[in-house]
Amino acid sequence: MLETTNFQVMLDTAGAELQVINKSENPITLQEDDKVVLTPDRGQEASSGVLPIKFDGLAKAVTQGDTLFIGQYLFTGSESTSVWLEVDEVKDNDVICNIKNSATLAGSLFTLHVSQVHISLPTLSDKDKEAISSWGVQNKIDLLSLSYTRHADDVRQARDFLAKLGDLSQTQIFAKIENFEGLTHFDEILNEADGIILSRGTLGIDLPPEKVFLFQKSAIYKCNMAGKPAVVTRVVDTMTANLRPTRAEATDVANAVLDGCDAILLGAETYRGYYPVESISTVGRICAEAEKVFNQDQYFKRTVRYITEPMTHLESIASSAVRAAIKVKASVIICFTSTGRAARLIAKYRPTMPVLSVVIPRLKTDQLKWSFTGAFEARQSLIVRSLFPLLADPRHPAESTNATNESILKVALDHGKASGFIKSHDRVVICQKVGDASVVKIIELED
């Protein structure tokens, strides 16, 4: 038997996020060329003249001329709901700012972003740790979205924290790149993290507009070559209030797919938008159309050229499986794996056909109890482009016999037929271990 894996759970941390508090929740109107004071005195009421913030060190962090932005769920692109400020004067613990555009802020909390200025707050806050230790453990989170990742050490510290929580020791960490510090240390962060989330809302503030697309393409390329998932955010912001995206947004989604991203992460569109279902459906349809014209041949050659020789054993098997599948026009690649790594490497080469990742559970013990691995590994594959994970019956361990593997293969083929991936007379590429050897074989199905 095989169990289909349909969803995974991600916890998104708050991180080093600065917030403006509006206890009354009354709309606050700010007028261009007026002044507003940002104060750590949280006892004050928010108004058009004073905005209390949840951070005591802002006055020490900024200087005259620095740029700040405030908005609900930071910046939809509509400047009537977010405000651009420029520091005019620092007075004791308060920061006096010039208002650069008129805006109305609505809600109880607004995000404050200070452009290209280091903020002395931990990446994993005490509140984040509490949420992970309670809700995260209870829901066995598969992925941790580490907001405001600025250094590789942020990822290492988060991993050390997860390791202490038992069940979450396998949780993958996706570094969320949101500011100039994350940009500066991107390569070392990518090396340490399991995946990358490009948080373009705040990135679009720290970067000049004409540089945003360059970073996106460069970052996705680096993720692709490292074989790590790249996730793009903030694509159809206008769908928070409109039924259809703009032409530019639709093109943006398609370009993210063509650039090689693994997933699109919606935020305000589903978090507080009027059309959450339509947003998901629309983005899904655009992604499907873009995948039809994705230049897989060019991508495959580029990826093979990038990999230094001699290739690792697993890399060679993965690239060979994809090359064989392309040459024989296979309808699907089936990969038997215990950790999911082999299947992810195959997906790294972006085959034109689906990859069924059959995760074979392994028996493990901590000297107190026995348990099976596999569920985490299967679910974590969902975010990888082209991968369709399946969890094999735990009674079929990774060191199973050839007869058992053939039995699981038959079930996988039946699943592929039921899902519409496979038809009679189709060719299928199989990637599996036989003893100590890794084998790529091609089979042609009968009626």
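This passage walks through a predicted model, from its parallel sheet to its helices, salt bridges, nonpolar cores and two loop residues.

A good place to begin is the sheet. Six strands make up an open sheet with parallel pairing, and their order across it is 2-12-13-14-15-16. The edges are taken by strand 2 (10-12) and strand 16 (263-265); each has a single partner strand, so one side of each is left without a neighbour in the sheet. From one strand to the next, the twist averages 25°. Within the sheet, strand 13 (residues 172-177) and strand 14 (residues 195-198) run parallel and are joined by four bridges. Here A175 stands opposite I196 of strand 14. Pairing of this kind rests on a general principle: the strands of a sheet are held to one another through backbone hydrogen bonds, in either a parallel or an antiparallel arrangement.

Helix 3 comes next. Its 12 residues should span 16 Å at 1.5 Å a residue, and the 17 Å between its end C-alpha atoms agrees with this. Buried in helix 3 are A152, D154, V155, A158, F161 and L162. The cover over these buried residues includes helix 2 (126-138), strand 12 (143-146), strand 13 and helix 5. Strands 12 and 13 are also members of the six-stranded sheet, which ties the two descriptions to one part of the model.

Helix 3 also carries charged side chains that are not fully hidden. D153 and R156 form a salt bridge, with 3.5 Å from N to O. Both belong to helix 3 (residues 152-163) and lie three residues apart, about one turn of the helix. A general feature of helices fits here: an α-helix has 3.6 residues a turn, so residues three or four places apart point the same way. D153 counts as partly exposed because its relative accessibility is 35%, and R156 counts as partly exposed because its value is 37%. The pair does not stand alone, as D153, R156 and E192 are linked in a network of salt bridges.

Another salt bridge reaches out from helix 3. The side chains of R159 and D194 meet at 3.1 Å, N to O. D194 sits in the loop between helix 5 (186-192) and strand 14, whereas R159 is in helix 3, so this pair ties together parts that are 35 residues apart in sequence. Both partners are partly exposed, D194 with a relative accessible area of 24% and R159 with 26%. Across the model, the count of salt bridges comes to 19.

Helix 5 is also connected to helix 7. A salt bridge of 2.9 Å, N to O, joins the side chains of D187 and K222. D187 is in helix 5 and K222 in helix 7, so far along the chain that the pair links distant parts, 35 residues apart. D187 is partly exposed, with a relative accessible area of 47%, and K222 is partly exposed at 32%. Helix 7 itself (residues 209-226) has 18 residues and reaches 27 Å from first C-alpha to last, close to the 26 Å expected at 1.5 Å a residue. Its buried residues are F215, Q216, A219, I220, C223, N224 and M225. Just after the helix, G227 takes a positive phi of about 70°.

Several of the residues met so far return in the nonpolar interior. The largest nonpolar core has 44 residues, and those with the most contacts inside it are F186, I196, F215 and I264. Beyond its neighbours within four places in sequence, I264 is in contact with V232, V235, A256, V283 and C287. Another core, of 29 residues, lies apart from this one and includes V328, A330, I333 and I383.

Two loop residues complete the picture. S386 is found between helix 14 (375-380) and strand 21 (387-392). Is S386 buried or exposed? Its relative accessible area is 19%, and S386 is therefore buried. Not counting residues up to four places away in sequence, S386 touches P351, P354 and V355. Q31, in contrast, counts as partly exposed at 40% relative accessibility. Q31 has its place in the loop between strand 4 (28-30) and strand 5 (35-39). Leaving aside neighbours within four places in sequence, Q31 is in contact with I99 and S102. The C-alpha atoms of Q31 and A103 are separated by 6.7 Å, although the two residues are 72 residues apart along the chain.

How values were computed. Residues are numbered from 1 along each chain as its sequence is written. This is a predicted model: local features need pLDDT of at least 70, side-chain atom pairs count only at pLDDT 80 or more; totals for chains, interfaces and linings use all residues. Side-chain values use heavy atoms; hydrogens and water are left out. Two strands pair if DSSP finds at least two bridges between them. Axes are lines fitted to C-alpha atoms, for helices over the stretch in contact, and angles run from 0 to 180 degrees between N-to-C directions. The expected span of a helix is 1.5 Å times one less than its number of residues. Buried means under 20% relative accessible area, exposed over 50%, partly exposed in between (1.4 Å probe, protein chains only). A salt bridge is a side-chain nitrogen of Lys or Arg within 4 Å of a carboxyl oxygen of Asp or Glu. A nonpolar core is a set of buried Ala, Val, Leu, Ile, Met, Phe, Trp, Tyr and Cys residues joined through side-chain atoms within 4.5 Å. Contact means heavy atoms within 4.5 Å.
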